[in-house]
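This report covers one protein model. It takes up a helix, its packing, the nonpolar cores and some loop residues.

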Amino acid sequence: MRRKLAAGNWKMNGTATSLAELEKLSSLYPNPDIDILICPPATLLHRAAQAVQANSVIVGGQDCHALVAGAHTGDLSAEMLKDAGAEYVILGHSERRQDHGESDELVRAKAIAAKDAGLIAIVCVGESLEQREAAETLDVIGEQMSGSIPDQPIGENLVVAYEPIWAIGTGKVPTLDQICEVHDFMRAKLEDRFGAASASSIRLLYGGSVKPKNASEIFSVSNVDGALVGGASLKAEDFSGIIQALENA
Ligand code: PGA
């Protein structure tokens, strides 16, 4: 059985006052039946890890460097995130692929670094609107998965998030059939490469304009094991609506 995961990505939002939202969330879910993750900006990571209660919300990073240490001004290693209290790290988000030119090869190297540091990598894949309109979605997802996912993953070190770029922050969401098609394809792709046992342990998240009002229907889709949420994870109340939908799914 895959444990469901509600993951929040605060992106470049949040200062010390935002920790109150995290404390609120943690007190609402002292012992949740699902994994609840918040990935705040790195400046808040250590304080965030201290602000949450044990066995409640967990925290993660939004990116890491592929190397363990060295002369890389401004970068953070997976080990540093772990040291600050992270249990997960988001890798290859489309905003990093776009803003920082991250390739599949780099994302894969980062995922290996994350695993070596004892973090669970959430590897993101997703097509642009042009690619969807050109009926290239499954080719793009397949290629990104082949390139970005390292060998021998298991559920304890990898989560894959399907995030259509055109759905992120836009309020547009694919149809349930479209989500289903991609998630079934992703599960089959993992099975082909790693075998049924490993593939069935890896959680698949949907991300892109997930809100309390559309969460239940999205979570009813087969092979959707949770969500990666941007905007609606910033406020405990909004994120709580998504958590409840996932708990009830
Ligand atoms: P959104 O972001 O929920 O604000 O659309 C999703 C994401 O980028 O993970």
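The expected span of a helix is 1.5 Å times one less than its number of residues. The model here is predicted. Helix H5 has 13 residues, so it should span 18 Å, and its end C-alpha atoms are indeed 18 Å apart.

**Helix H5 and its surroundings**

H5 covers residues 104-116. Its buried residues are Asp104, Val107, Lys110, Ala111, Ala113 and Ala114. What covers them? Among the covering elements are helix H3 (78-84), strand S4 (88-91), helix H4 (94-99), strand S5 (120-125) and H7. Just after H5, Gly118 has a positive phi of about 85°.

H7 spans residues 137-148. The axes of H5 and H7 come within 7 Å and cross at roughly 45°. Angles under 35 degrees count as roughly parallel, and 65 to 115 as roughly perpendicular. H5 and H7 are therefore oblique to each other. On the H5 side, the contact is made by Asp104, Glu105, Val107, Arg108 and Ala111. H7 brings Glu143, Gln144, Ser146, Gly147 and Ser148. By class, the contact holds two nonpolar, four polar and four charged residues.

Ala66 also meets H5 residues. Ala66 sits in the loop between strand S3 (58-61) and H3. Leaving aside neighbours within four places in sequence, Ala66 is in contact with Leu106, Ala109, Lys110 and Ala113. The C-alpha atoms of Ala66 and Ala54 are twelve residues apart along the chain and separated by 29 Å.

**The nonpolar cores**

In soluble globular proteins, nonpolar side chains tend to be buried together. In this model the largest nonpolar core has 61 residues. Which of them have the most contacts inside this core? They are Leu22, Leu25, Met186, Phe219 and Phe239. Helix H11 (residues 236-248) gives the most to this core, with six residues. A second, separate core has 14 residues, including Leu37, Tyr88, Ile122 and Ala161.

Phe239 has a long contact list. Not counting residues up to four places away in sequence, Phe239 touches Ala6, Ala7, Gly8, Leu25, Ile36, Leu37, Ile38, Val229, Ala232 and Ser233.

Ile36 lies in strand S2 (residues 35-39). Is Ile36 buried or exposed? Its relative accessibility is 1%, so Ile36 counts as buried. Beyond neighbours within four places in sequence, Ile36 is in contact with Ala6, Leu25, Tyr29, Ser56, Val57, Ile58, Phe239 and Ile243. Ile36 and Gln50 are 14 residues apart along the chain, and their C-alpha atoms are separated by 15 Å.

**Loop residues**

Ala135 has a positive phi of about 60° although it is not a glycine. Ser209, not a glycine either, also has a positive phi of about 60°. Ala135 is in the loop between helix H6 (129-133) and H7. Ser209 is in the loop between strand S7 (203-207) and helix H10 (212-219). The table sets their exposure beside that of Ala66.

| Residue | Exposure class | Relative accessible area |
|---|---|---|
| Ala135 | exposed | 67% |
| Ser209 | buried | 11% |
| Ala66 | partly exposed | 22% |

Buried means under 20% relative accessible area, and exposed means over 50%. At 22%, Ala66 is therefore partly exposed.

Methods: Residues numbered from 1 in each chain as written. Predicted model: local features only at pLDDT ≥ 70, side-chain atom pairs only at ≥ 80, totals over all residues. Heavy atoms only, no water. Core = buried A, V, L, I, M, F, W, Y, C linked by side-chain atoms within 4.5 Å. Buried < 20%, exposed > 50% of the residue type's maximum accessible area, 1.4 Å probe, protein only. Helix = DSSP H or I, 4+ residues; strand = E, 2+ residues; numbered from the N terminus. Contact = heavy atoms within 4.5 Å. Axes fitted to C-alpha atoms, helices over the stretch in contact; angles between N-to-C directions. Parallel < 35°, antiparallel > 145°, perpendicular 65-115°, else oblique. Nonpolar A, V, L, I, M, F, W, Y, C, P; charged D, E, K, R; others polar.
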